[in-house]
Amino acid sequence: MRKDVRILLVGEPKVGKTSLIMSLVSEEFPDEVPLRAEEITIPADVTPERVPTHIVDYSEAEQSDEQLYQEISKANVICIVYSVNNKKSIEKVTSHWIPLINDRIDKDSRVPLILVGNKSDLVEHSSMETILPIMNQYQDIETCVECSAKNLKNISELFYYAQKAVLHPTGPLYCPEEKELKASCIKALTRIFKVSDLDNDGILNDNELNFFQRTCFNTPLAPQALEDVKNVVRRNMTDGVQENGLTLKGFLFLHTLFIQRGRHETTWTVLRRFGYDDDLELTQEYLFPLIKIPPDCTTELNHNAYLFLQSVFDKHDKDRDCALSPEEVKDLFKVFPYMPWGPDVNNTVCTNDQGWITYQGYLSQWTLTTYLDVQRSLEYLGYLGYSIIYEQESQAAAITVTRNKRIDLQKKQTQRSVFRCNVLGARGSGKSGFLQAFLGRDLQRQRKIREDHKSFYAISTSYVYGQEKYLLLHEVMPDFDFLSGSDLACDVVCLLYDINNPRSFEYCAKVYKQYFIDSKTPCVVIAAKSDLHEVRQHYSLSPYEFCRKHKLHPPQLFTCNMTEAPNKDIYTRLTTMAMYPHMAQADLKNSTFWLRASVGATVFAVLGFAMYRALLKQR
C-alpha cells in the first residue's frame, strides 16, 4: 500500500476550496479566508487508514498555470470542488477541469477524481441529479460528496473518501456500467481462491475459510458469522455454496457485494495480502524478495519448502498414482500467469512409463530450479502462495544458502544436498545418453525423445553412505575454446569419450590438461558405448596410460544399450566424489573407495525405496 497520500483541491474561484481545508483543520468555519491555504500534512496516527496525508490547495489568483500543472502531476487524487448553488461552477467541471486534468496526466497512470459539491447549507435541493450523468460518463470519477464548510457537514468524510480512492480504488476492481468485477480482478481472485483451496476440491470448507480469514484479517470468523456469509450467497445464487462450502462463483459474488456496498477495502486487503499492487499485478517485492548469495555458495530448498511442495503435489495428484498427468500439471500451474515447465522437463527428471513426472521427478525439478536460478524458484513459490500458506515473511524463508565451498574443503565435510557434475566430451561421444541413463532410460527409450524436447540437464537422487543427495548432471557443449566459468564450476567432472571413435578421447585429454590439471575438482574418465568394439585412440597416450600418468582412476566402462535399466553405480561414485573431494583425491588409487561407495549406495537405495513405498502408502 502507498506510504502517503497527496490530495489536491481544484475548482473555480469562490467555490470554497480553502474553507473546506480550514474547516477540517480547525473544526470550525473560518471568519477570514485567505486566497490559498498552505499545504498541510495530517499524521498517519489520526487518519483512518494510518497513512500520512498531504492536502494541497489551488488558487487561480496566487498560482500560475505551470504551478497548477505541477501539482496535478504530483497528486494521488484530485477533488474538483463546485458550488451547489452555482450552475456555472458545475458546468466548468466537464468543460474545463476534467479535460485539463486528463491532458496533464500520463495515460497509463490513473488518478482518481472526486466531485465535491460545497455550500450545501445554502440550498434545499441536491445537485446529484446533475452530477450522476457526469459520473457515469467519466470512469475516473470515484465518487461524489455534497458538503458544507460552514456547517462542517461531510468534511472529514470528504477527505476520508479521497484517501480511500487512492488506497482502495474502485476502478481496477469493478465496472459500474456492467455491475460486475473486471477481468483482471476475477483473475487475481481466482488465483487467491485456488491457493486457499488447500485440498483442491473446488470448495472452500470452514477450515479453509477460517484460515483465509485469519491470513487476511488476523481474526477467524465465529461459526455463526461463517453461516451468515454462506446464507447471503445461498440467497443470491444457486451454485455459490456446495457441500456447505464456498465455490469460486460464491467467492467472486461476495467480493462483488463488498464493492457494491462501498467496502472496497475488504477486497483490497485480500488482494494486497496475496501480493497484488494497485494494477492487480503481483509486486516485484512479493515475487522476488531479497536474498544474499555470496560467491562460491549454492542455493537449496529447506525442509519446510519440501513439505510445502509435497502438499502441492498431493493436492493435484487427483488419481493418487504418484505421478502428475499433463492435465494435473496444467491444473497445478493455473495459479501462474504462464506455463513454467516445457516438454524438456520430462527429459530432465524421472518419469513413469507413460512419460508423466513422478513424485521424485517433481521434487527433483524444483531442486534443479532452486540450484540454477533461485530468483525463478522464488517467483514460482510466490505464485503458489508459499509465504501465505506457511505464514512466512516471504518465500526467501524456503531457501538455504550453503556455506562457501572453500570452507567445506577445509573442514572436509559438507551440509550440502545438491552436487553438480559437468559432463564434457566431443560431439557424438554419448553425453546425452549418459544423462538419460541416470533417469533410468535405456537406448530404446532415449531414441523416442524428440530433438526439440531434449534437455542439457538431468537430476535425480543418489544415496551416499545412507544420505539421500541430489546429483545434477549438466551436459556442456563441446566448444573447447569457449568454456565459460559456469561450464567449469562444479563439484565433479565427467570426461566422456566414445570407445568406438578413434578421435573421441583427444578432446577429453585437451580439456583436462587446459582446465582441470591443477584444479581441486575431482575428475572421472568415462569410456562410453562399451557395448561396441573398442578402437585405438588417435592420441599420444591411450586413455588408460593418460589416467595413470595424471593419477586419475582408470576409465569407467559405461553403456546404456541394454535391455534392463542402466546401471547406477557410476552415478553413486560421482556423487561420493563430489561430497568427499579430499577422499577422492587421496583414495583414487585405492579401489576400496569405489567399493565402499557402491556397496553403501546399493544398501541405502534399497532402504530408501522401501521407505518411499511406505511413504506412498501413507499418502
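Reader: Let's start small: in S11, which residue is the bridge partner of Ile-203?

Author: That's Thr-247. Strands here are DSSP runs (E, at least two residues), helices are H or I runs of at least four, and both are numbered from the N terminus. Two strands pair if DSSP finds at least two bridges between them. In this case S9 and strand S11 (residues 245-247) are joined by two bridges and run antiparallel.

Reader: Before we go on, what kind of model is this?

Author: A predicted one, where local features need pLDDT of at least 70 and side-chain atom pairs count only at pLDDT 80 or more, while totals for chains, interfaces and linings use all residues. Residues are numbered from 1 along each chain as its sequence is written, and side-chain values use heavy atoms, with hydrogens and water left out.

Reader: Back to that sheet, then. What is its strand order?

Author: It's an open sheet of three strands, ordered S9-S11-S10 with antiparallel pairing. Strand S9 (203-204) and strand S10 (241-242) are at the edges with a single partner strand each, so each has one side without a neighbour in the sheet.

Reader: How do I read burial for a strand, say S18: how many of its nine residues are buried?

Author: Buried means under 20% relative accessible area, exposed means over 50%, and partly exposed is in between (1.4 Å probe, protein chains only). In strand S18 (residues 467-475), seven of the nine are buried, so the rest of the structure largely encloses it.

Reader: Which way do S16 and S17 run against S18, parallel or antiparallel?

Author: One of each. Strand S16 (residues 418-424) is parallel to S18, with six bridges between them, and Cys-421 has Leu-473 as its bridge partner in S18. Strand S17 (residues 457-464) is antiparallel to S18 over eight bridges, with Thr-461 opposite Tyr-470. S17 and S18 also make a hairpin with two residues between them, and Tyr-465 in the turn has a positive phi of about 50°.

Reader: And what about S6, which strand is joined to it by five bridges?

Author: Strand S5 (residues 113-118), running parallel to it. Val-116 finds its bridge partner in Val-145 of S6. Five of the six residues in strand S6 (residues 141-146) are buried, so this strand too is largely enclosed by the rest of the structure.

Reader: Now a single side chain. What is Leu-363 in contact with, beyond its neighbours within four places in sequence?

Author: Contact means heavy atoms within 4.5 Å. On that basis Leu-363 touches Tyr-306, Leu-309, Gln-310 and Tyr-470. Leu-363 belongs to helix H14 (residues 359-372) and is buried, at 8% relative accessible area. Leu-363 and Ile-459 are 96 residues apart in sequence, yet 9.9 Å apart in space, C-alpha to C-alpha.

Reader: Zooming out, how many helices and strands does the protein chain have?

Author: There are 25 helices and 21 strands. The radius of gyration of the chain is 34 Å, well over the 25 Å that the globule rule gives for 619 residues, so the chain is more spread out than a compact globule. That radius is taken over C-alpha atoms, and the rule is 2.2 Å times the number of residues to the power 0.38. The C-alpha atoms fill a box of roughly 105 × 55 × 45 Å along the principal axes.

Reader: What share of the 619 residues counts as buried?

Author: 53%. As for contacts between residues at least 6 apart in sequence, 70% join residues at least 24 apart.
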